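Let's take a walk through this model together, one region at a time. Keep the 3D view open as you read.

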Amino acid sequence: MTSLQHWQELLKQGVNNTKELLSLVNLTEHDLPTALTSPQPFKLRVPRGFINRMQAGNPNDPLLLQVLPLLSELDLTPGYDTDPLAESTTNPVPGLLQKYKSRALLTITGACAINCRYCFRRHFPYSDNNPGTAGWQLALDYLRQHNDIKEVIFSGGDPLTAPDTILANLAKQIAAIPHITTLRIHTRLPIVLPERINDEFLAWFSGSRLKPVMVMHCNHPQEIDASVVNALNRLHKAGAILLNQTVLLKGVNDNATILAALSEALFENHTLPYYLHLLDKVQGAAHFDLPMTEVSAIYNELMALLPGYLVPKLVREIPGAASKTTII
Ligand SMILES: *Cc1c(COP(=O)(O)O)cnc(C)c1O
Ligand code: SF4
């Protein structure tokens with residue numbers, strides 16, 4: 001039997017039960033009568049290190065609200081869909097999505113270390129969209145045949161829940177395709193399970209011909225503790241370009257002061273804000289949505305607080321568009 005790495009042990013030890021989560025932050029169902037405690041189709045899942053950053057006794061904690069299943073998720077809200085991005089139509093071979101010119105995205109795994117309640121993945125069958133035993137040969141062939149593709153994006157789910165042996169092998173085969181210059185990883189692990197950024201990972205990620213880019217996903221400055229600072233600094237020292245994307249969420253970060261503090265905390269740790277996403281209108285996430293007038297007010301205030309390079313681009317994803325769509 002191969003022994004698990006430290007980060008894999010931590011991944012396995014994640015909490016997946018509402019009552020246990022509430023008790024770890026000194027709350028009861030009485031404090032949070034809106035919590036959903038029965039088993040859910042999109043399971044609760046959160047690493048213990050992330051729970052440690054929640055404020056005990058606070059039912060409105062911004063980290064808690066991102067992961068806590070609510071009864072209202074079961075409501076059917078008109079205008080909210082199960083495949084809001086129409087992903088199922090941009091999938092030429094299993095495991096590969098190409099929506100935009102010059103870059104292709106590999107859905108490495110359906111697994112995540114954390115299940116974010118607002119995520120469109122709660123319905124999209126990513127678990128059915130990786131090549132499984134058929135391997136990555138069709139996807140690699142597609143990349144070889146399309147020499148306008150300069151960048152490959154590892155996505156998911158969260159690609160960093162996959163073992164380094166698999167990722168390093170894939171990266172090696174991609175590095176052998178001459179027209180590909182950049183390897184980008186979209187991941188939440190440096191934030192929610194920073195122990196993932198270890199020597200084994202850094203060796204393959206920064207050790208090839210490909211320019212390493214990482215797009216993190218951090219929504220609130222309270223997510224950044226000493227362990228995250230350490231991971232970001234290790235990535236930076238290894239030569240990775242670090243960017244962050246955030247989802248604008250009612251009750252979590254719908255406030256210009258919080259978003260400005262987030263940009264500043266990331267910048268201190270070599271990470272530039274990239275995108276501020278409007279919520280995808282996914283069934284079960286309506287309670288995170290904000291009216292456009294409020295979004296504009298928050299964004300205008302944010303622009304007034306920060307230098308331009310610390311203001312993320314406000315975007316939404318519109319199916320069929322040639323890129324993410326800039327708002328305002
Ligand atoms: C968002 C996304 C990308 C990356 O877009 P950028 O604007 O380059 O960050 C690439 N492929 C797919 C399918 C995407 O959804
Ligand atoms: S894909 Fe990203 S946003 Fe969605 S649940 Fe996984 S970590 Fe969260």
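## R53 and its partners

R53 sits in the loop that runs between helix 3 and helix 4 (62-67). In this predicted model, R53 has a relative accessible area of 9%, which puts R53 under the 20% cut-off and therefore makes it buried. The side chain of R53 reaches the backbone oxygen of I191 at 2.7 Å.

R53 has a charged partner too: its side chain meets that of D225 in a salt bridge (3.3 Å, N to O). This pair links distant parts of the chain, with R53 in the loop between helix 3 and helix 4 and D225 in the loop between strand 5 and helix 9, 172 residues apart. What is the accessibility of D225? D225 is partly exposed, at a relative accessible area of 26%, whereas R53 is buried at 9%.

## The loop between strand 5 and helix 9

Stay with this loop for a moment, since N219 is found here as well, between strand 5 (211-217) and helix 9 (226-237). Is N219 buried or exposed? N219 counts as buried because its relative accessibility is 0%. The side chain of N219 is joined to that of H217 by a polar contact of 3.2 Å.

D225 also gives us a handy reference point for P33. The C-alpha atoms of P33 and D225 are separated by 30 Å, and the two residues are 192 residues apart along the chain. P33 belongs to the loop between helix 2 (18-24) and helix 3 (48-51). With a relative accessible area of 60%, P33 is exposed.

## Salt bridges elsewhere

How many salt bridges does the structure hold? There are twelve, and the R53 and D225 pair is one of them. As general background, side chains of opposite charge can pair when their charged atoms come close.

Another pair to bring up on screen is R184 and E151, whose side chains meet in a salt bridge of 2.7 Å, N to O. Here too, distant parts of the chain are linked: R184 lies in strand 4 (residues 182-186) and E151 in strand 3 (residues 151-155), 33 residues apart. Both R184 and E151 are buried. Then there is D199 with R234, where the side chains meet in a salt bridge at 2.3 Å, N to O. D199 is in helix 8 (residues 199-205) and R234 is in helix 9, so this pair again links distant parts of the chain, 35 residues apart. D199 counts as exposed, at 53% relative accessibility, while R234 counts as partly exposed, at 29%.

## Around ligand 1

Which residues surround ligand 1? They are K99, Y100, R103, L105, I153, R184, Y274, Y275, E317 and K324. R184 is familiar from its salt bridge with E151. Among the other residues around the ligand, K99, E317 and K324 are linked to one another in a network of salt bridges.

Oxygen atoms of ligand 1 have polar side-chain atoms of the protein beside them. For R103, the distance from such a side-chain atom to a ligand oxygen is 2.5 Å. For R184, a polar side-chain atom lies 2.8 Å from an oxygen atom of ligand 1, and for K324 the corresponding value is 3.0 Å. On its own, ligand 1 has 380 Å² of accessible area, and the protein covers 93% of it.

## A nonpolar patch at the surface

Turn now to F267, L272 and Y309, which make a nonpolar surface patch of about 300 Å². L272 lies in strand 7 (residues 271-277). Why can L272 take part in this patch? L272 is partly exposed, with a relative accessible area of 33%, and patches are made of residues with over 30%.

## Cysteines

How many disulfides does a search of the whole structure find? The search finds zero. Two cysteines are worth a look all the same: C112 is buried, with a relative accessible area of 13%, and C119 is buried too, with a relative accessible area of 19%. Both values fall under the 20% cut-off for buried residues.

Key
Residues numbered from 1 in each chain as written. Chains lettered and ligands numbered in written order. Predicted model: local features only at pLDDT ≥ 70, side-chain atom pairs only at ≥ 80, totals over all residues. Heavy atoms only, no water. Patch = residues over 30% accessible without salt bridge, like charges linked within 9 Å, V, L, I, M, F, W, Y side chains within 5 Å. Areas by Shrake-Rupley, 256 points an atom, 1.4 Å probe, with all protein chains shown as cover. Salt bridge = Lys/Arg side-chain N within 4 Å of Asp/Glu carboxyl O. Helix = DSSP H or I, 4+ residues; strand = E, 2+ residues; numbered from the N terminus. Buried < 20%, exposed > 50% of the residue type's maximum accessible area, 1.4 Å probe, protein only. Near = heavy atom within 4 Å. Polar contact = N/O pair within 3.5 Å; in protein donor to acceptor, adjacent residues only side chain to side chain. Disulfide = S-S within 2.5 Å.
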